[in-house]
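Trainee: Could you take me through one part of this model closely, and then show me how the parts around it fit in? I would like to start with the pocket.

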Amino acid sequence: MHLSRRGLLYGSAGLAAVSVAGCGAGEDSPELTGFTGISMPTDTSERWVIEGRLLEENFKALGYEVLHENAKDVVEDQISQIQSMIDQGVEFLVIAAIDNTSLGGVLAKAKNAGVQVIAYDRLILETPDVDLYATFDNYQVGVLQATHIIERLGLPEGNGPVNIELFSGDLGDNNSQYFFMGAMDTLESYLYEGDVVIPSAQTEQEPTATQGWSGDNAQVRMDTLLDEFYKEDVELHAVLSPYDGISRGIVASLVANGYEPGEDDFPVVTGQDAEAESLKAIKEGTGQTETVFKDTRLLAGTVTEMVKALVEGRDPEVNDLGTYDNGFKYVPSNLLDPVDVTAENYQELIVDSGYLTEEQIDAGQA
Ligand code: BGC
C-alpha cells in the first residue's frame, strides 16, 4: 500500500501552485489550444456519466476541442480509446481509470506525443507519465462512513457491543484502499475494546472487496455472510459500504433475508456518491441511512481549471504533494472535501445546492 497520510500536506485550505515538469508551452513548443480527451470508466454508476458531460461542457465553453469516451468497464476499450485520442492529436488527457495499473503502456505513448495527463478522481499507478491528480479526500470518505455507524449505534454512549460487516470497493481502484483505511482507523478503538465485533472476521481489504463496484456482487456476498455468520440469535447492526450501488445490493440482501426497512433493528448501512436512488431510500427511511456527497461539479471545475492554467502557461493549483504515491512519484494533487449526507441534511446539501431536485430524488433517478 502506498498510503502516507498527507505527508507533505500544504494544508487543506491552502493552495499551492506546482510546476509540472515538461508542462506548459515552452519556447519551442507550439501554442496549446486546449484540445482535450476525456476518458471515463463506466456508465453503470451515475457520477461518471454526469461528470463526463460536465467536463465536456466546461471545455467547450472555453472554446477547446474535446473528445469524450466512456469505456463501460472494459479495460482494453479504455486503452484503445485513449490511444485513438492520442492519434487524433489531443494535448491533454483527463482519465478516470477502470483499472489503476493497466494504463502505463498507453500513457508512455501519450508522454512521447507531448500529451499532459491528469488522473481524474482515481490515481493511475505504476507509471511516471501522470502529471496531476484531482480527487476528493478519499481517506476522509471512510472516516465519515465509519463515524456515521459509530454515532447511529450510540457507541460513544456505551451502546456496544454491536455486530458489523465490512465491504470495500474494487481492488483495481486505488481509491478503495483509502476509503477502507479511513473507516478502519476510525473503528479501530471500538474493535480493540470489543464494542464492535465482526462475526465473519473478514477485516482485510481483499476478502471484503467488491469486484467492479457491483451491487449484484455485494448482494451475493451479503447473502453468504448472513447465511454463515448470522444464524439463530446473532443480529447484524451495521454494514460499512463504500458506494451507493453496493449499498443497494446489501439492502436487497438484508430485505430478502427478513430484515425490514424502517424497523428499528434494520442495520445501519453507509454509502457514497449521493445517487438519486440511494437518496430516495435515505429520505424515506427504506434502506441505507447515509451517503457521502462529493460535489462532482467542483471536481470537474477543478480539472477544467488545471487544463486552463496549463493552456495559459500558468502552474495549476494543488493542495497536496505528499499523499498520493503512484509507485513512481508523489503526484501533485488537488483534494476536495467530501460531506456526510443523511435524512436530516440532504435537502440543504443536495437540493438547495442544485445538485439534484426533490423530484429526481423522489423518482430515484438523476
Ligand atoms: C469513486 C467513488 C465511486 C466508485 C465507484 C471511486 O473511484 O471515488 O466516488 O463511488 O469509484 O464508481
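Mentor: Happy to; we will start at the pocket and then move on to the salt bridges, the strands and a few backbone details.

Please keep in mind that this is a predicted model. The largest pocket holds about 400 Å³ of space. Its lining is made up of 24 residues, and those nearest its centre are Arg122, Asp170, Asp173, Gly212 and Trp213. By character, the lining residues divide into nine charged, eight polar and seven nonpolar. Two helices, α1 (46–61) and α5 (175–193), each supply at least two residues of that lining.

Where does the largest pocket lie with respect to domain 1 and domain 2? It lies between them, because both domain 1 (8–130 + 296–336) and domain 2 (138–293 + 342–363) give residues to the lining. Each domain is built from two stretches of the chain, as those bounds show.

Now to the charged pairs. Side chains of opposite charge can pair when their charged atoms come close. Across the whole structure, a search finds 15 salt bridges. A good place to look is lysine 283, which forms a salt bridge with glutamate 358, with 2.9 Å between the closest N and O atoms. This pair links distant parts of the chain: lysine 283 is in helix α9 (residues 276–284) and glutamate 358 in helix α12 (residues 358–363), 75 residues apart. Lysine 283 also meets aspartate 362 in a salt bridge, at 2.6 Å from N to O. Here too the lysine lies in α9 and its partner in α12, so the pair ties together parts that are 79 residues apart in sequence.

Are these side chains buried or exposed? Glutamate 358 counts as buried, because its relative accessibility of 16% is under the 20% limit. Lysine 283 is partly exposed, with a relative accessible area of 29%, and aspartate 362 is partly exposed as well, at 35%. Lysine 283 therefore has one buried partner, glutamate 358, and one partly exposed partner, aspartate 362.

Another pair to look at is arginine 297 with aspartate 295, whose side chains meet in a salt bridge of 2.9 Å, N to O. Arginine 297 is partly exposed at 30% relative accessible area, while aspartate 295 counts as buried at 13% relative accessibility. Elsewhere, Arg47, Glu51 and Asp121 are linked in a network of salt bridges.

Let us turn to the strands, beginning with β4 (residues 92–95). In a regular strand the side chains alternate between the two faces of the sheet. In β4, Phe92 and Val94 are on one side and Leu93 and Ile95 on the other; all are buried, and both faces of the strand are covered. Strand β2 (residues 36–40) pairs with β4 in the parallel sense over four bridges, and there serine 39 stands opposite isoleucine 95. Strand β5 (residues 116–120) is also joined to β4 by four bridges and runs parallel to it. In that pairing, the bridge partner of valine 94 is isoleucine 118 of β5.

There is also an open sheet of four strands, in the order β8-β7-β9-β10, with parallel pairing. Its edge strands, β8 (196–197) and β10 (268–269), each pair on one side only. Two bridges join β9 (residues 238–240) to β10, and these strands run parallel. Within this pairing, valine 239 has valine 269 of β10 as its bridge partner.

Last come the backbone details, which are easy to pass over when you scroll through a model. The peptide bond from glycine 160 to proline 161 is cis, with omega near -10°. Proline 161 is placed in the loop between α4 (138–152) and β7 (162–166). Lysine 72 has a positive phi of about 50° although it is not a glycine, and lysine 72 lies in the loop between β3 (66–70) and α2 (75–87). Aspartate 273 likewise has a positive phi, near 110°, in a residue other than glycine. Aspartate 273 is found in the loop between β10 and α9, and it is buried, with a relative accessible area of 11%.

Definitions and conventions:
Residues are numbered from 1 along each chain as its sequence is written. This is a predicted model: local features need pLDDT of at least 70, side-chain atom pairs count only at pLDDT 80 or more; totals for chains, interfaces and linings use all residues. Side-chain values use heavy atoms; hydrogens and water are left out. On a 1 Å grid over the protein atoms alone, a cavity is a set of points where a 1.4 Å probe fits but cannot get out, and a pocket is an open set with protein on both sides within 12 Å along at least five of seven lines; lining residues have an atom within 4 Å of a point. Grid points are joined across faces, edges and corners, and a volume is the space filled by probe spheres set on the points. Ala, Val, Leu, Ile, Met, Phe, Trp, Tyr, Cys and Pro count as nonpolar, Asp, Glu, Lys and Arg as charged, and the others, Gly among them, as polar. Domain bounds come from an automatic or database domain assignment. A salt bridge is a side-chain nitrogen of Lys or Arg within 4 Å of a carboxyl oxygen of Asp or Glu. Buried means under 20% relative accessible area, exposed over 50%, partly exposed in between (1.4 Å probe, protein chains only). Two strands pair if DSSP finds at least two bridges between them.
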